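Reader: Please take a close look at one part for me: the surroundings of the ligand. Start with the chain as a whole, then zoom in.

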Amino acid sequence: MEIFKKTKDVLAFTNQARGNQKTVGFVPTMGALHAGHISLIHRALKENDVVVCSIFVNPTQFNNPEDLEKYPRNVEADIQLLEEAGCHAVFLPEVSEMYPKNVESDNFDFGGLDTEMEGKFRPGHFQGVGTIVKKLFLAVNPNKAYFGEKDYQQLLIIKKMVELEGLDVKVVPCEIKRESSGLAMSSRNARLSDNAFNASTLIHEQLIWMLDHFNELSVSELKQAVEMAFDENDAFELEYVEVTDGKTLKPIQDRRASTEPRAFISAYIEGVRLIDNMKLS
Ligand code: AMP
């Protein structure tokens, strides 16, 4: 597997592949890789001749400096996992490579996609995400890029950024990979104690519960029941539970108001912020 630290080198690699009529698939990550990330690599390998993964913990998308500092980093293990998966190249830029001038976000007009849920609780987060993914797309020049539905709001933001910037990259959504308990895999899970890891199945259980009761309860009844379940659990602090349209991310009050309803939960356990979501139809 090729390892690149400089934009010009990874771009030369992918330009050569594309010049030889090969397709390039790209999987951007922040590292601390797990089976969720690797499932994206596998999908990209199935659909492309050459696959590039990037590992970059992007400072502009962290609104909380402690979260940035504590974000798990394990590049050597990551490289091994990527090699085992059959990934062709990894791009590992320094902050100064991606932000040669100021470590600042651009200003995208995401048309309100960035003001719901994660956007409310993580101000500036999606401007940072849009900024870095645009930079990475320009650095790697892929045909297709793969994003997990685990970060569903992010996925819509990236699609919007591609549209706004007129980039010729197909954004491919990939299904959420879960632990056998149902917990969505996440780099942040590495920070959980065994107890918290076991307790954290509550998020997925509540999403399944919402799906099971979606046709018989109102949206506010569903949300209230989830709030109560979290209230009764001492380990967790619920940040939000929301039911929205899956395209606009606008909250819906009535289940008939959307053909693509989706439920979202964000909660803290042991100071670790976990998110998950599920289609409700
Ligand atoms: P991250 O390293 O957390 O920025 O994630 C990099 C990519 O992997 C994003 O597109 C995530 O949505 C995706 N991803 C993270 N966890 C999972 C998961 N459990 N299942 C599927 N994709 C995931």
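Author: Of the 281 residues in the chain, 53% are buried. Buried means under 20% relative accessible area, exposed means over 50%, and partly exposed is in between, using a 1.4 Å probe and protein chains only. This is a predicted model, in which local features need pLDDT of at least 70 and side-chain atom pairs count only at pLDDT 80 or more, while totals for chains, interfaces and linings use all residues. Residues are numbered from 1 along each chain as its sequence is written, and side-chain values use heavy atoms, with hydrogens and water left out.

The chain holds 11 helices and 9 strands. Both are DSSP runs numbered from the N terminus: helices are H or I with at least four residues, strands are E with at least two. The radius of gyration of the chain is 19 Å, close to the 19 Å of the globule rule for 281 residues, so the chain is as compact as a globular protein of that length. That radius is taken over C-alpha atoms, and the rule is 2.2 Å times the number of residues to the power 0.38.

Now zoom in. The ligand is surrounded by 17 residues, and the closest are M30, H37, D151, K177 and M185. To be near, a residue needs a heavy atom within 4 Å of the ligand. The shell splits into 7 nonpolar, 6 polar and 4 charged residues. Here Ala, Val, Leu, Ile, Met, Phe, Trp, Tyr, Cys and Pro count as nonpolar, Asp, Glu, Lys and Arg as charged, and the others, Gly among them, as polar.

Where do these residues come from? β2 (24–29), α2 (35–47) and β5 (144–148) each give at least two. The most come from α2, with 3 residues.

Next, the polar atoms. A backbone N or O atom of M30 sits 2.9 Å from a ligand oxygen atom. H37 places a polar side-chain atom 2.9 Å from a ligand oxygen atom. K177 has a polar backbone atom 2.8 Å from a ligand nitrogen atom. On its own, the ligand has 480 Å² of accessible area, and the protein covers 93% of that. Such areas come from the Shrake-Rupley method with a 1.4 Å probe.

Last, K150. This residue lies in the loop between β5 and α8 (152–165). K150 counts as buried because its relative accessibility is 15%. Leaving aside neighbours within four places in sequence, K150 is in contact (heavy atoms within 4.5 Å) with I176, A184, M185, S186, I275 and N277. M185 is also among the residues closest to the ligand.

Technical notes: A polar contact is a pair of N or O atoms within 3.5 Å; within protein, one must be able to donate a hydrogen and the other to accept it, and residues adjacent in sequence count only if both atoms are side-chain atoms.
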